[in-house]
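Colleague: Could you take me on a close look at the nonpolar core of this protein? I'd love a connected tour that I can follow on screen.

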Amino acid sequence: MRILIANDDGYLAPGLAALVRACEGLGEIDVVAPEQNASGTSNSLTLNRPLSAYTAANGFRYFNGTPSDCVHVALTGLLPHRPDLVLSGINNGANMGDDTLYSGTVAAAMEGFLFGIPAIAFSQVEKGWAHVDEAAQVARSIVEHVLASPPSAAPWLLNVNIPNRADAASLPREVTRLGRRHASQPVIRQINPRGEPIYWIGPAGDARDAASGTDFHATANGRISITPLQVDLTDHAGLPAWREWMSA
């Protein structure tokens, strides 16, 4: 068993170290992560400059690029072998609902999925790394479960969100769908030292669709959310109406 582990918080992030420790003994582990925090970079690849690879004292390899860069380069030439599983995380904060479209954590896992490799993204619901080792034990348990009972349709992509709790390992697990958020909060406008306006993207909005069965609902009620994802964004239900519109 060969496992590639990446993240979007950077190679020094506590969540990455915790996930690697938790997965020891499951197989041969390679770590390839961004040099700096790359949250919110989604599936972006760096195409306008070359990437440089470095090796940290603990053996983690890191790139001056995005999470998708890390997995892409690892799978297309950096590693001497193809991994059997790609893991990403553990992220510092939730990746639920609309977050998944922006998330570098999910994107790193998705890059493995696009190459035909089963992949899992792990996130903690709250920021701050509280109980990250307990979350890592949950991650190991889920990895052990998929290795012992592989899902029938491979490859597959799972998005896992874990409440920050000391009893995380004993929390029930629920297979969920993505919820939805309200729009982001207003942009934050400031003035830089030269008197010029600068803008910060506002915080994520509140949950709009947090109904039973969603990732928001599961985690708010003390459960671990496991959401199977796909890449196809086609509005299949709307195709007949669009075809009728085109022919009108």
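Modeller: Happy to! The largest nonpolar core holds 38 residues, and those with the most contacts inside it are Ile5, Leu87, Ile120 and Phe122. Keep in mind as we go that this is a predicted model. At least two residues of this core come from each of the strands β1 (2–6), β2 (28–34), β5 (85–91), β6 (119–124), β7 (157–162) and β13 (224–229), and likewise from each of the helices α1 (14–23) and α5 (132–148). The most generous contributor is α5, which gives eight residues.

Now centre your view on Phe122. Beyond its neighbours within four places in sequence, Phe122 is in contact with Leu19, Leu87, Ser88, Gly89, Ile90, Asn91, Thr105, Ala139, Ile142, Val143, Val160 and Ile162. There is also a second, separate core, with 19 residues, including Val32, Ala74, Met110 and Leu157.

Two of the residues touching Phe122, Gly89 and Ile90, deserve a pause. The peptide bond leading from Gly89 to Ile90 is cis, with omega near 0°, and Ile90 sits in strand β5. Most peptide bonds are trans, and most residues other than glycine have a negative phi.

That second habit brings us to the loop between β6 and α5, where you will find Trp129 and His131. Trp129 is not a glycine, yet its phi is positive, at about 70°. His131, also a residue other than glycine, has a positive phi near 60°. As for its surroundings, His131 is partly exposed, because its relative accessible area is 34%, which falls between the 20% limit for buried and the 50% limit for exposed.

Conventions
Residues numbered from 1 in each chain as written. Predicted model: local features only at pLDDT ≥ 70, side-chain atom pairs only at ≥ 80, totals over all residues. Heavy atoms only, no water. Core = buried A, V, L, I, M, F, W, Y, C linked by side-chain atoms within 4.5 Å. Buried < 20%, exposed > 50% of the residue type's maximum accessible area, 1.4 Å probe, protein only. Helix = DSSP H or I, 4+ residues; strand = E, 2+ residues; numbered from the N terminus. Contact = heavy atoms within 4.5 Å.
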